[in-house]
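Visitor: I am new to this structure, and I would be grateful for a close look at a single part of it. Please take your time, and explain each term when it is needed.

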Amino acid sequence: MTTSLAPGVPDLFSAAYYQNPYPTLAWLRDHSPVHEFLFPVGDVRTWMVTRYADVRAVLSDPRFSAETSTWANSEFKEAGLVSAAGTILERGLAVIDPPDHTRLRRLAMTAFTTRRVEQWRDTVRTTVDRVLDDCEQRGTFDVMDDYAGEISAGVLSAILGFRIERHRELVTALNEAFPSDPALMDRVPAAFGRICQYAAELVEEKRRHPADDLTSALIAAQAEENRLEVDELTGLVAAFIMGGSDTVRGFVGNAVHALLRHPEETTRLRAQPELAKSAVEELLRYEGALHTALFRVTTEPVDLAGVKIPAGAPVIAGLLSANRDPRRFTDPDRLHFTGESPRHVGFGHGLHNCIGAALARMEGEIAIPALLTRLPGLALAVPQDRLGYIESWAIRRLTALPVTTD
Ligand code: HEM
């Protein structure tokens, strides 16, 4: 299968691309920065944007709408690419425009305040310590499942107030909700259905038994402001489940992998723990957890960097690519802790930027240095060429990262 419209142009979102997308992304930035190609699901004509400045322009320009259910052309809709079509998440926070987005986001922010995030610091520390004890005892373990996965699931479960056993089933549903393989498209509606069903059960349970968690805080904010429909509240909880489940896991895994390949930076971080904050930003720049932002669609014909994009067309903002753009970052393929925090787009940009960023940063700042300090002998347990990435156009993460501690 090819996604390219012209001979000689590298394929996007092919099996080989997922394992190493960087040469393709570098080629696109240089030769076709606003690149028309066929999205593998439905062969829909799509534009991929790869330069830092253009990615930020797309994410902050209202002519690129997040509301695909309203603005996308029929080709896109018929291919089943409107996220969560037919469920309450079709009008979820990530896929609506102002004024609905403004109203919902403001309400979400009342529950996700800086003070509340700060209160979760102990939860993160305790979770990291517990998980590290277990990994240390094992000697050989998988950073993805046994470390990053356990931490992101443990923290999210504690914060939202759900039982950790159900987390794995949610991650499976999430992966099924954003497939890259057209053959798996028929699983999408059921996957979104399961996530919504789960969020609805959680809201119901917290209505009956409120506790000190984010879901209960959202219910209280809704009652106070009386501005949310019941479905909107459930959709918001579902958005947090979707936003926070696999991203932190992916990021911590990518960060540990990058550190294992840059021993001099690892030594520097061990010796100077005060670098943790800026190091996390550099790690997010070097290889964050998202390949791309969610689809945007043009509300009118748009001329972007000299390329004419018709109305209703899907556009993908390449976050991974923007963060490696040499037009913006010096020597971008190298991980380098300078003490400065790079202005990356790993958390997106504009109205839809990541609402969970403060929490994700805190998890990274605690979990990554803790692993290096507690386990000074940390090393890959398999040859580098045995590692592989999942085939997802949205999430960038390893399938597994086996390590040893001596
Ligand atoms: C390292 C971890 C994370 C990364 C790299 C990340 C990345 C992103 C990005 C790039 C966006 C913007 C997507 C777009 O513009 O289409 C986003 C939005 C969002 N994220 Fe995160 N995220 C992370 C962790 C979290 C966590 C922990 C939560 C919640 C607990 C969360 C919840 C959300 C939500 C609800 C949105 C939608 C915001 C809106 O549309 O207004 N994320 N995230």
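Guide: Phe 13 is a convenient place to begin, and it lies in the segment before helix H1 (15–19); here helices (H or I, at least four residues) and strands (E, at least two) are DSSP runs, numbered from the N terminus. Residues are numbered from 1 along each chain as its sequence is written. The model is a predicted one, in which local features need pLDDT of at least 70 and side-chain atom pairs count only at pLDDT 80 or more, whereas totals for chains, interfaces and linings use all residues.

The phi of Phe 13 is near 55°, a positive value in a residue other than glycine. For comparison, most residues other than glycine have a negative phi, and most peptide bonds are trans. Phe 13 counts as buried because it has 25 C-beta neighbours inside 10 Å; a residue is buried if 20 or more other C-beta atoms lie within 10 Å of its own, exposed if 12 or fewer, and partly exposed in between, with C-beta atoms placed from the backbone.

Asp 331 also has a positive phi, of about 50°, although it is not a glycine, and its place is the loop between helix H17 (319–322) and H18. Asp 331 counts as exposed because it has 8 C-beta neighbours inside 10 Å. The loop between H17 and H18 holds Arg 343 as well, and Arg 343 is partly exposed, with 13 other C-beta atoms within 10 Å.

A peptide bond deserves a word too: a cis bond joins Pro 98 and Pro 99, with omega about 5°, and Pro 99 is found in the loop between helix H5 (74–78) and helix H6 (100–111).

Next come the surroundings of the ligand. Of the 27 residues around it, those that come nearest are Gly 243, Gly 244, Gly 348, Cys 354 and Gly 356, where a residue is near a molecule or strand if its C-beta atom, placed from the backbone, lies within 6 Å of it. Two or more residues of this shell come from each of helix H13 (230–245), helix H14 (247–261) and helix H18 (357–374), and H13 gives the most, with four residues. By class, the shell has 17 nonpolar, nine polar and one charged residues; Ala, Val, Leu, Ile, Met, Phe, Trp, Tyr, Cys and Pro count as nonpolar, Asp, Glu, Lys and Arg as charged, and the others, Gly among them, as polar.

Two of these helices also meet each other, for the axes of H14 and H18 come within 10 Å and cross at roughly 40°; axes are lines fitted to C-alpha atoms, for helices over the stretch in contact, and angles run from 0 to 180 degrees between N-to-C directions. The contact includes Phe 251 and Val 252 of H14 and Ala 367 and Ile 368 of H18, two residues being in contact if their C-beta atoms, placed from the backbone, lie within 7 Å. The residues of this contact divide into 11 nonpolar, two polar and one charged.

H13, finally, has a further role in this picture, as it is among the elements covering the buried residues of H10, together with helix H11 (188–208). Those buried residues of helix H10 (residues 167–177) are Leu 170, Ala 173, Leu 174 and Ala 177. Seen down the axis of H10, they fall within an arc of 105°, so they line one face of the helix; the arc is that of the directions from the helix axis to the C-beta atoms. The face of H10 turned away from its buried side carries the exposed residues Glu 169 and Thr 172.
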